[in-house]
Amino acid sequence: MKVKWFSKYSQLDEMQELTLRRIEGRAFWLVWAGLLIDIAVQSALGTIDKNMIGELLIFLIGSIYAVGASVRSGIWDRHFKASFTVNLLGSLVAGAVVGGTQYIRNSYWLRTLLAGGFTFLLTLFVLQTTMHFYEKRHQELEHPKEEDDESED
């Protein structure tokens, strides 16, 4: 008896398929946010150890996949346009969160400023680099190169 574990033909109509994709999208973001909160709380409490490597790895893989697939599809964000100002604000938030976490953990201002500043610069660099790839890919998708199929006689 042959068991079909996966069928390449969907048993769903278009509306059911759209609903399922929304559910899957929400589930991804729920898991992503849950892992982020878990990692942030454990980091703030100073309880990160070797046992968290699996959680960190899953979070990292999910994040990289989401960003890579979005950029490859020429999509930046549903609510924000790709700009230096948005990247600057996002980097400031990331730096403030990391700096605040460092301050909660050990109340040492120099370490707080260094961690927050380094996170700000690294996040800004990553966002700007990603935005460059996004803009390049978006242009390719919006204005595809026309290939010349004409042959000279």
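**View 1. Thr130 sits in helix 4.** This is a predicted model. Thr130 has a relative accessibility of 18%, so it counts as buried, the cut-off being under 20%. Leaving aside neighbours within four places in sequence, Thr130 is in contact with three residues: Val67, Val71 and Trp76. One of these partners, Val71, is itself a buried residue of helix 2.

**View 2. Helix 2 covers residues 53–72.** Helix 2 has 20 residues. At 1.5 Å a residue they should span 28 Å, and the end C-alpha atoms are 28 Å apart, which agrees. Which residues of helix 2 are buried? They are Phe59, Gly62, Ser63, Ala66 and Val71. Seen down the axis of helix 2, these buried residues fall within an arc of 155°, so they line one face of the helix. That set packs against helix 1 and helix 4. On the other side of helix 2, the exposed residues are Ile53, Ile58, Ile61, Ile64, Tyr65 and Arg72. Just after helix 2 comes Gly74, with a positive phi of about 75°.

**View 3. Helix 3 runs over residues 84–106.** Helix 3 has 23 residues. From its first C-alpha to its last it reaches 33 Å, close to the 33 Å expected at 1.5 Å a residue. Its buried residues are Asn87, Ser91, Gly95, Gly99, Thr101 and Gln102. What covers them? The cover includes helix 1 (14–45) and helix 4 (109–142).

**View 4. Ser107 lies in the loop between helix 3 and helix 4.** Ser107 follows just after helix 3. Its phi is near 50°, a positive value in a residue other than glycine. Most residues other than glycine have a negative phi. Compare the end of helix 2, where Gly74 takes a positive phi of about 75°.

**View 5. Glu17 and Arg21 form a salt bridge in helix 1.** Their side chains meet at 3.5 Å, N to O. The two residues are 4 residues apart, about one turn of the helix. An α-helix has 3.6 residues a turn, so residues three or four places apart point the same way. Are the partners buried or exposed? Glu17 has a relative accessible area of 22%, so it is partly exposed. Arg21, at 53%, is exposed.

**View 6. Arg137 and Glu140 form a salt bridge in helix 4.** The closest N and O atoms of this pair are 3.2 Å apart. Because Glu140 and Arg137 are 3 residues apart in helix 4, about one helical turn separates them. Both ends of this bridge count as partly exposed: Glu140 has 40% relative accessibility, and Arg137 has 28%. How many salt bridges does a search of the whole structure find? It finds 2.

**View 7. A nonpolar patch lies on the surface.** Phe118, Leu122, Phe125 and Val126 make this patch, with an area of about 430 Å². Leu122 is found in helix 4. Its relative accessible area is 44%, so Leu122 is partly exposed. Thr130, also placed in helix 4, counts as buried at 18% relative accessibility.

**View 8. The whole chain has 4 helices and 0 strands.** Read along the sequence, the pattern is α-α-α-α. How much of the chain is buried? Of its 153 residues, 18% count as buried. The accessible surface comes to about 13100 Å². Carbon and sulfur atoms hold 64% of that surface. Among contacts with a separation of 6 or more, 65% join residues 24 or more positions apart. The packing of helix 2 against helix 1 and helix 4 appears in View 2. The cover of helix 3, including helix 1 and helix 4, appears in View 3.

Note on methods. Residues are numbered from 1 along each chain as its sequence is written. This is a predicted model: local features need pLDDT of at least 70, side-chain atom pairs count only at pLDDT 80 or more; totals for chains, interfaces and linings use all residues. Side-chain values use heavy atoms; hydrogens and water are left out. The expected span of a helix is 1.5 Å times one less than its number of residues. Buried means under 20% relative accessible area, exposed over 50%, partly exposed in between (1.4 Å probe, protein chains only). Contact means heavy atoms within 4.5 Å. Patches are made of residues with over 30% relative accessible area and no salt bridge: like charges are joined within 9 Å, nonpolar side chains (Val, Leu, Ile, Met, Phe, Trp, Tyr) within 5 Å. Accessible areas come from the Shrake-Rupley method with a 1.4 Å probe; for residues, only the protein chains shown count as cover. A salt bridge is a side-chain nitrogen of Lys or Arg within 4 Å of a carboxyl oxygen of Asp or Glu. The arc is that of the directions from the helix axis to the C-beta atoms.
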